[in-house]
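Q: I would like to learn how aromatic pairs, charges over rings and ligand contacts are read from a set of coordinates. Could we work through one example together?

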Amino acid sequence: MMGMALAVLAGCGQEKPTEYEGWKLVWHDEFDKDGVPDPDSWIFEEGFVRNKELQWYQSQNAECKDGFLVIEGRKERVKNPDYNADGKSWRESREFAEYTSSSVQTRGKREFLYGRFEVRAKIPVASGAWPAIWTLGIQKPWPSCGEIDIMEYYKIGGEPHILANAAWGTNRKDIPKWNSSKLPYAKFISRDPEWAAKFHVWRMDWDQEFIRLYLDDELLNEIPLSTTVNGSEGNHINPFKTPHYILLNLAMGGNGGEVDESLLPLRYEIDYVRVYQKKKEPYTAFHPGKIWEDTDGVHINAHGGGILYHNGTYYWYGEHKSEHSSSALVGVRVYSSTDLYNWKNEGVALPVMPSGSGHKIEKGCVIERPKVIYNEKTKKFVMWFHLELKGQGYAAAEYGVAASDTPVGPFRFLYASRSCPGVWPQNMSEVEIAKARSFKDFSRKGKEWKQNVIDGMCVARDMKIGQMARDMTLFVDDDGKAYHIFSSEENHTLHIAELTEDYLYHTDKYVRILPGGHNEAPAIFKKEGVYWMITSGCTGWKPNAARLSRATSIWGPWESLPNPCVGEKAELTFDSQSTYILPVEGKRDTWIFMADRWRPKNPIDARYIWLPIAFEDGKPVLKWADEWKMSE
Ligand code: GAL
């Protein structure tokens with residue numbers, strides 16, 4: 001121990017990379033080979049630096065020696081090739097740079113998305129020194145590429161500070177948004193007067209949810225990625241969900257303060273740079289509500305989804321959501337799995353059409369709750385989804401149909417439509433139809449509006465153009481007949497419509513069920529001849545209590561039963577909304593309730609709630625579990 005402490009004080013390199021459980025060292029440079037920084041990993045950025053003062057020139061003053069990378073800040077006069085006596089721009093304004101220093105970068109050589117980054121360094125703190133350990137996103141330009149300052153040391157109001165920051169793009173070019181932590185350097189010196197003479201470890205732990213910046217294991221800043229989405233100038237993307245490269249540099253003057261020439265050369269010594277990434281062990285259980293990574297380590301993007309089992313593989317289709325928008329900017333995504341825990345990204349099953357194409361599924365439309373079924377007769381995979389046209393909010397209320405020869409697509413869009421125009425539901429009698437037809441005023445007013453909807457006012461209203469078709473699911477019965485179950489009549493009444501033999505169209509046979517019940521998000525399964533349906537109420541992205549209903553014929557009558565959820569947050573369906581019920585292949589009486597925990601402010605971050613369906617007293621019951629497995 002003594003020996004080690006001495007070694008650290010004397011500034012010797014720390015030999016062996018730390019081993020962290022669950023992490024793997026993916027790249028490191030210990031700077032053990034004397035000479036120029038390893039060209040396989042590092043490049044020099046050379047040139048005059050964009051700084052009003054133009055005090056320094058970025059040169060090649062970085063060298064590995066005795067196990068350290070040493071960046072030197074020297075007094076050295078370099079002529080500015082852009083100098084122009086009349087010049088107004090910063091490039092032209094100064095004839096000479098007075099100092100040279102270096103910026104070494106892993107750009108184009110070593111780029112990383114997420115991980116643990118560790119840099120052990122001794123920084124120069126003399127006036128004029130402005131050292132940094134930072135990263136930039138590989139996509140240009142700044143600031144929408146994203147910048148992370150794992151360490152920056154400079155003066156604020158004349159006082160030196162240690163900073164831990166991130167910056168990203170806004171609605172205005174060149175104007176970043178910052179999340180900064182600024183700690184007075186005096187704080188570190190008061191704790192340890194020898195602080196500057198020692199090496200310290202700067203660390204970043206970066207994952208899909210947070211950037212956490214540490215100095216000697218003390219957390220300096222925690223930046224939630226839910227807050228770091230670029231504005232319009234940065235294409236609304238999250239620059240911290242793309243790879244970054246590392247920069248080590250020493251700037252001179254400017255915010256570092258006046259250069260104290262008596263203390264030159266400045267020495268910035270880096271012992272190592274180490275990058276670890278999480279070892280990805282396959283999942284062996286479900287973890288409802290947690291980030292669910294695909295086999296590439298990226299949160300699954302298949303919301304409002306549904307599952308198809310085909311030839312030993314499960315396919316999970318769902319809405320690709322973006323950071324700032326719930327609209328379809330990409331399309332319907334598909335993942336595959338053989339065990340339901342581990343999912344491989346199979347790409348975009350149904351891509352949206354280009355913006356401006358005027359196509360019904362043009363980029364920016366709304367595609368929700370896609371479900372895919374396989375047609376044995378035609379050997380086609382058929383996708384149905386809820387479609388809202390671009391720029392029309394939720395007014396269109398159509399369903400869309402697409403088909404493919406393979407489960408992963410790409411699916412061909414076939415058509416989109418309202419449901420069953422000109423056709424009255426099977427379960428409305430002549431008397432009821434006559435009453436529905438008698439409505440002349442369809443405006444939403446008064447208490448009687450709801451009763452009017454129950455009495456078929458919307459059915460009559462939409463008879464010509466077809467019935468509204470929003471939240472939906474598909475169900476294939478034991479006899480191979482398929483049904484489209486969807487929220488209609490301003491979401492007040494569910495409709496169940498039979499599909500043609502090829503599953504591509506409605507047969508025009510349909511019923512209204514639970515009229516006026518205000519059900520959304522239907523999910524259905526069948527057990528021993530009984531159809532069970534779980535739905536939600538209608539509160540948009542906010543969760544509400546699930547509803548249960550049952551029938552012995554798909555055509556009804558459907559009987560309403562209480563919320564099947566029990567326990568804490570049962571009244572909010574555990575903060576989620578149903579989307580599908582999956583019968584697990586080969587396992588008797590095993591169904592998985594699939595639901596979405598929406599994140600309307602950051603839709604891509606929405607979570608999946610998968611829970612087992614148990615039967616108690618002959619009825620389905622849902623209970624929360626932080627973690628669960630299917631029985632063997
Ligand atoms: C929910 C519905 C979602 C989506 C959302 C829009 O109630 O289930 O699929 O349409 O409203 O606010």
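The dialogue below takes up the aromatic pairs and then the ligand.

A: This is a predicted model, in which local features need pLDDT of at least 70 and side-chain atom pairs count only at pLDDT 80 or more, while totals for chains, interfaces and linings use all residues. Residues are numbered from 1 along each chain as its sequence is written, and side-chain values use heavy atoms, with hydrogens and water left out.

Q: How is a pair of aromatic rings described, and how many aromatic pairs are there by this rule?
A: In general, the distance of the centres and the angle of the planes describe such a pair. Rings of Phe, Tyr and Trp (its six-membered ring) pair if their centres lie within 6.5 Å, and planes under 30 degrees apart count as stacked, over 60 as edge-to-face and the rest as tilted. The count here comes to 40 aromatic pairs. For Trp316 and Trp610 the centres are 5.0 Å apart and the planes stand at 45°, so this pair is tilted.

Q: Which parts of the sequence does the pair of Trp316 and Trp610 tie together?
A: Strands are DSSP runs of E with at least two residues, numbered from the N terminus. Trp316 belongs to strand 21 (residues 313-319) and Trp610 to strand 39 (residues 607-616), so the pair links parts that are 294 residues apart in sequence. With buried meaning under 20% relative accessible area (1.4 Å probe, protein chains only), Trp316 is buried at 1% and Trp610 is buried at 2%.

Q: What is the geometry of the pair formed by Trp343 and Trp610?
A: Their ring centres are 6.2 Å apart with the planes at 75°, so the pair is edge-to-face. Trp343 sits in the loop between strand 22 (331-337) and strand 23 (344-351), so its pairing with Trp610 in strand 39 joins parts 267 residues apart in sequence. Trp343 is also buried, at 0% relative accessible area. One aromatic cluster includes Trp316, Trp343 and Trp610, with Phe286 and Tyr608 among its other members.

Q: Which side chains make contact with an oxygen atom of the ligand?
A: A polar contact is a pair of N or O atoms within 3.5 Å; within protein, one must be able to donate a hydrogen and the other to accept it, and residues adjacent in sequence count only if both atoms are side-chain atoms. A ligand oxygen lies 2.9 Å from a side-chain N or O atom of Arg369, and such a distance is 2.4 Å for Asp471 and 2.4 Å for Glu520.

Technical notes. Helix = DSSP H or I, 4+ residues; strand = E, 2+ residues; numbered from the N terminus. Buried < 20%, exposed > 50% of the residue type's maximum accessible area, 1.4 Å probe, protein only.
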